[in-house]
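Welcome! Take a moment to look at the structure below and turn it around a few times. We will start at one small turn and then work outwards.

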Amino acid sequence: MLGGTMVLYLGKSSFLCNSSKMAESGVGLENLGFVHFPLEKKVKGILAIAVGGNQDVNRLTHQQKVKRLIPCAKAAGEKERKVNKKAGKAEHHLWMKRDSAGAGTKALNLVQIVSKLPNERELIYGALDKWAAFETEFPLIAAAKALSILRRRKEWLRLIQVTKWLLSKGQGMSMGTYDTLLLAFDMDGRVDEAESVWNMILQRHTRSVSRRLFSRMISLYDHHHLPDKILEVFADMEELGVKPDEDTVRRIRSAFRKLDQEEKEKLLMKKYAKKWKYLHFKGERVRVRTGWEE
C-alpha cells in the first residue's frame, strides 16, 4: 500500500487502485479476481474485478465481471498524461498569437478615424496612438489592411500619413510598404519627399532593394518629366546588377532620347532590348516577340 493506493503487479503490467474505495465497498485482496479484456474494447489489458461479500469470482458471468471492473488501469494513467501534456503546452507558449480574425474590422475602424480628422500631424498621430494603445502587441496586420483600403480608395494623403506613422513606430519596414509610400508620393505630387525616402532606402538596404522599387522610382520620375533623375536611378541599377523589366527599359530609352544621348540608347537596346522573350502558356514554354521598334 502506498499513500492509500494499492499497487497490483500483473506480469509486466502494474495498476494503481484506491484502497479506501475498495474498503468502503467491502472489497479485499481475497475478493479480487482477474479477467483478460479484449483488445478491441475501450479499456485494454488486464483489469482487477472487485467482488463484494463472499461471492465467488468463478460464479460471475462475463457481463457481471465487466460491470464490476475497477477503473484503475490505463484509463487513469492516460488521463494523467493528457493533463500533463496540456499543462506543458500552456506553460511553453508564453507569447500570444497574432489574431487576424478581427483585423478587417480594426482596419476599417482606422480608416474611419483618419478620414474624419483634419490634416494636422499631431491630431492624426495622437488618434492613431489611441487606436493601437489597448492592443497587447502592435496591430500590424490591421494596419497593413488599412493601407490596402486607402490605396484602393486612392486616398493618397491619408495613405502617406498612416504609413509615416507606421514607420515612426518601427513597424512595417518592408519593400511593400516602401513601394506603397512611393506610389502615394507620386500620385500626390510630392517628388522631393519621395526622393528623400528613396535615398534612405538605398543607404539602409543597398544590396536588398528589389527591382520593383527601382521600377517604381523610375516610373515616378518619368511621370513628373525628370529624365536626368531616371538615368541616375538606372546607374544605381547597373552598379548593383539589377536587370530592368521591359517597361522600365522603355522609360530609360525615352530618357536617353530626351537628353539626346543616342549612343547610350543604342547600348541600352543592345543589352536589354531582346526581340524575343519566353512565356509559359498552358504549361508550355512559348517564344513570343517583344514588340521593340527596329
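## A hairpin to begin with

Let us start with the hairpin formed by strand 5 and strand 6, which leaves two residues between the strands. One residue to look for here is lysine 282, whose phi is positive, near 55 degrees. Keep in mind that you are looking at a predicted model.

The two strands of this hairpin, residues 276-281 and residues 284-289, run antiparallel and are joined by six bridges. To see the pairing for yourself, find histidine 280 and look across to strand 6: arginine 285 stands opposite.

## The chain as a whole

Now zoom out. What does the secondary structure of the protein chain come to? It comes to 13 helices and six strands. The chain has 294 residues, and 35% of them are buried.

Contacts can also link parts of the chain that are far apart in sequence. Among the contacts with a separation of 6 or more, 51% are between residues 24 or more positions apart.

## The nonpolar core

The largest nonpolar core contains 55 residues. Which of them have the most contacts inside this core? They are Trp165, Trp198, Phe214, Met217 and Ile252. Helix 7, covering residues 156-168, contributes the most to this core, with seven residues.

Isoleucine 252 is a good residue to zoom in on. Setting aside residues up to four places away in sequence, isoleucine 252 touches Ile218, Ile230, Leu231, Phe234, Pro244 and Leu268.

## Helix 11 and its buried face

Helix 11 runs over residues 227-240. Its 14 residues reach 20 Å from the first C-alpha to the last, close to the 20 Å expected at 1.5 Å a residue. Buried in this helix are Pro227, Ile230, Leu231, Val233, Phe234 and Met237. Why do the buried residues of helix 11 line one face of the helix? Seen down the helix axis, they fall within an arc of 160 degrees, so they line one face.

These buried residues pack against helix 9 (191-204), helix 10 (211-223), helix 12 (246-258) and helix 13 (262-272). After helix 11 comes glycine 241, with a positive phi near 75 degrees.

## Helix 10 next door

Helix 10 has 13 residues and reaches 18 Å between its first and last C-alpha, close to the 18 Å expected at 1.5 Å a residue. Its buried residues include Leu213, Phe214, Met217 and Ile218, as well as Ser215 and Ser219. The buried residues of helix 10 pack against helix 8 (175-188), helix 9, helix 11 and helix 12. Helix 10 is followed by histidine 225, which has a positive phi near 55 degrees.

## Two glutamates to compare

Glutamate 195 lies in helix 9. Which side chain does the side chain of glutamate 195 make a polar contact with? The partner is the side chain of lysine 229, at 2.9 Å. Apart from its neighbours within four places in sequence, glutamate 195 is in contact with Met217, Tyr221 and Lys229.

Glutamate 155 sits in the loop between helix 6 (140-153) and helix 7. Its relative accessibility is 25%, so glutamate 155 counts as partly exposed. Beyond its neighbours within four places in sequence, glutamate 155 is in contact with Ser115 and Leu150. Its C-alpha is 8.5 Å from that of alanine 184, although the two residues are 29 residues apart along the chain.

Terms used. Residues are numbered from 1 along each chain as its sequence is written. This is a predicted model: local features need pLDDT of at least 70, side-chain atom pairs count only at pLDDT 80 or more; totals for chains, interfaces and linings use all residues. Side-chain values use heavy atoms; hydrogens and water are left out. A nonpolar core is a set of buried Ala, Val, Leu, Ile, Met, Phe, Trp, Tyr and Cys residues joined through side-chain atoms within 4.5 Å. Buried means under 20% relative accessible area, exposed over 50%, partly exposed in between (1.4 Å probe, protein chains only). Helices (H or I, at least four residues) and strands (E, at least two) are DSSP runs, numbered from the N terminus. Contact means heavy atoms within 4.5 Å. The expected span of a helix is 1.5 Å times one less than its number of residues. The arc is that of the directions from the helix axis to the C-beta atoms. A polar contact is a pair of N or O atoms within 3.5 Å; within protein, one must be able to donate a hydrogen and the other to accept it, and residues adjacent in sequence count only if both atoms are side-chain atoms. Two strands pair if DSSP finds at least two bridges between them.
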